[in-house]
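User: Could you walk me through how the pieces of this structure pack together? I'd like the definitions as we go.

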Amino acid sequence: MDLKARYAKELRFRMYGLVAITLGLICVLALFGSVLAAGLPAFKQTFIQLQLDLPAAKLDKTGTRDPEKMKKVSTIGYSKAIRDQLQQNLKDAGIDFSKLDKKQLKNMISKEAPAQLRYAVLKDPSLLDRPFDFEVLANGRIDGYYKGRVTFETAALDVMISPDQLVLADAMKAAGLLKTRFNGQFFYWPDASDLRPEAAGLGVALLGSLYMVIIVFVLAVPLSVCTAVFLEEFAPRNWFTDLIEINISNLAAVPSIVFGILGLALFINFMDLPQSAPIVGGLCLTLMTLPTVIIAARAAIKAVPPSIKSAALGLGASRVQAVFHHVLPSAAPGILTGTILGLAQALGETAPLLLIGMVAFVREYPALSPDGIFDPSTALPVQIYNWTVRGDPAFVERASGAIIVLLCFMITMNAVAIILRRRFEKRW
Amino acid sequence: MGGPCFVEGSNMNSVLPILLLACVAVFFLCRSRSLNLRAQGHIMGASSTHWGWYGVMQVFIPIVLFSSLIWGLELYFFNSAIRALGADLFETAADLHLLRESIRASLNAGLPGLAPQGFMGLLMAVISYWSGGFEAVIPRIGEAPDVVHLELVLHALRLKMQFSTLLLTGTSLIALVFVYRAWDKVSIEFNARDRVEFGIISVLAASSVVAVLTTVGIVVSLLSETLHFAQMHPISDFLFGTVWSPQFHSGEVEGYGSELGVLPLLWGTLYISFVALVFSVPIGLFAAIYLSEYATQRFRDITKPLLELLAGIPTIVYGLFALLTVGPMLRDSFTQPLGLGSNSDSVLAAGLVMGIMLIPFVSSLSDDIINAVPQSLRDGSYGLGATRSETVKKVIIPAALPGIIGAVLLASSRAIGETMIVVLGAGAAAKLSLNPLEGMATITAKIVNQLTGDTEFESPETLVAFALGLSLFVITLCLNVLALYIVRKYREEYE
């Protein structure tokens, strides 16, 4: 073969490599681009500003302004009040709404709004005695209209919205009654039912994920550090140690869903722990992340030069003292890095949690006490799955928004791990 | 609180202060005695802190053992009481669970029928139950909703009181005896350090067993439920059946309305994994070769973390990417124009996205392996006049081949076990088809299908998930063991 052909081959080979890397980077870009494009709108929400002058006689029939007695009026009563008030507000602003019937008018506003208003009034009954400004969620379809998800064509085919309502929404926007702004509720409101995507938030999921990450941290870190120290420093070379080692490296590659099956069989069916509870999820995720953290901790301990231990032993320390006073502190940054990466893995895991019932619809926040780990809850990735399979584009948008939140946590955790490693890593 | 203990705020809570007090006391007692000895001029084999911890060890273990024993006994007696008294109240395990829950609730809230309401009434009832049997309690009940249930609650409460007394006196006694014993042991001849260190190492060894127990737990739970499944459904139908169509019947219909053959699922799993590998292995491998053999340090520093970003992304994100972006894109650009249907769920979509997920996995594993090839081999090749690509193709790849095969095996094991991408992107239809633009279900997707939602636990349609799990576990285990074996063997050659 002549030299020219060989160089041409060389060049081609090199191009293959570059193409591979470019393809990989395009995948990264496409992934992040599509997530951001789909999810960023979830952080904005359309609200309707109303001037409310509530009919006190209807909402507080006894006239005592006693919240206990006012609880008798259900959200249906408030729903009527809101509709009348909306009509009044539209009249005041000089907006023509004659094309809409009463139901369509009511549907301009989210079905969550009456509950929102009822909660506010029960909290402060004096609101019944004076006019006040109140902000309610707009219907999810109207919200979608301002995010480009809903158009006049799709609205004509949709039972949940009509083009006339969109026209009215535009008029309200022009009059300043309706605006789209940052959606803080997304982070602390609980999930919402199928018909009110605009009210769905991540509150329960974030709390559940937090509980689970705490459980994983509390259980997995001591267990894996102890295991790693034992295997690296004290374990005798025999068949049992070999068994543990082989077992750990295999466990690290067991599909995560198998840990879900284990959790279902062991924690729920056998140990009778409650379904959907963070404690079960935390235990499953602990078992799942254990091998990852053990392997990282072992690598960190292995990286400490033996001379440190030898010096300690030479000065009369026992093996335990040498390990706990000298080797382990030197390995701590590496162990911490591995731990954070393990926690990130646990935070993003979905499959095992589906099997232990965390996919259930949960609207109640788990208790903010240690007992809360036994309350039904959900988790961030499971909430994403849950919203995705509902099929409504408004929920898919929420799911993508939740992914952005999840990715922010992931990137933060990974960045902290990298910074810790750079800062505390010792070069021997 | 839930858990297997049957009484809210169980007896363990009363032991905790005793345990804590005893440990703190013995720590300082032993420590001060050893300090005294040292002050008298004796040379001690262990430091005073060691002596303190030795004492703690001596006291902690017997108290914990004793209280666990009592707790277990209490649970045992309670369960046998339920079996004896409440045999009519429950038939299945779920009933038993409900009964336990309601007893637990009654113990907290009191019973509706009892004369003074709340806990006081319950307490007085128990006292008369204790002294005069159940007949003595009957006058206290206005109109009992459920006599057997009431008797069970009283029985449970009586047990609780008996065992609490036993537990408190027992632990106090043990605490006193063992604190004295530990204090007495402090001497010149005896080396506390060795004992404490033995204790520490035992704790370390015990925690390393957790990983083994996890594997045992996985194997036992999968096997036992699979055997359970095999009793309801012929296992040969499962292993060799070519149709997957579970029928969730209401329970009255006996016999097999369902066909639960694993082969279509296995085919879907392998097909999607194959597509993923076809996509990820060349890209990952070439990226690794380029990064380790051609790229400048700067290029490497920028590109490598970017590619590794893909490895840290949760799989649910990939699942959504397959469902929302890749699936519709393939449908609009291939499936519909070519007239092959209108599915956005397809093997190709799921496979491609899974491939993206595996790129960093393949590339970082291959990178390690390529870097482990000794420089002398490269230098030898260059010295003979080979170009870089010739060196890669003729020297590095052959030398690294076992490692690369290991990496591919590990990647395929991940692909087979991947769940969320296939649940969201590959569709739910189980079929044996060659068309990559159709949706196909996988083993993992069906496990999720069969085990989520309200399912009847005692039906073959639910239990088949465990058989699927076992198949998955066995397949991935074989791949992992093979991969580790190959990688390990290869490593030995150069070290």
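Here is a short round of questions and answers on packing.

Analyst: First, the ground rules: this is a predicted model, where local features need pLDDT of at least 70, side-chain atom pairs count only at pLDDT 80 or more, and totals for chains, interfaces and linings use all residues. Residues are numbered from 1 along each chain as its sequence is written, chains are lettered from A and ligands numbered from 1 in the order in which they are written, and side-chain values use heavy atoms, leaving out hydrogens and water.

User: Which residues touch the most other members of the largest nonpolar core?

Analyst: A nonpolar core is a set of buried Ala, Val, Leu, Ile, Met, Phe, Trp, Tyr and Cys residues joined through side-chain atoms within 4.5 Å; buried means under 20% relative accessible area with a 1.4 Å probe, protein chains only. This core has 162 residues. The residues asked for are Tyr318(B) and Ile447(B).

User: Which residue of chain A does Tyr318(B) touch?

Analyst: Contact here means heavy atoms within 4.5 Å, and residues up to four places away in sequence aren't counted. Among the residues that Tyr318(B) touches are Ile313(B), Val353(B) and Met357(B). From chain A there's Leu31(A).

User: At roughly what angle do the axes of helix α18 of chain A and helix α10 of chain B cross?

Analyst: Helices are DSSP runs (H or I, at least four residues), numbered from the N terminus, and axes are lines fitted to C-alpha atoms over the stretch in contact, with angles from 0 to 180 degrees between N-to-C directions. These two axes come within 10 Å, and the crossing angle is roughly 20°.

Notes: Buried means under 20% relative accessible area, exposed over 50%, partly exposed in between (1.4 Å probe, protein chains only).
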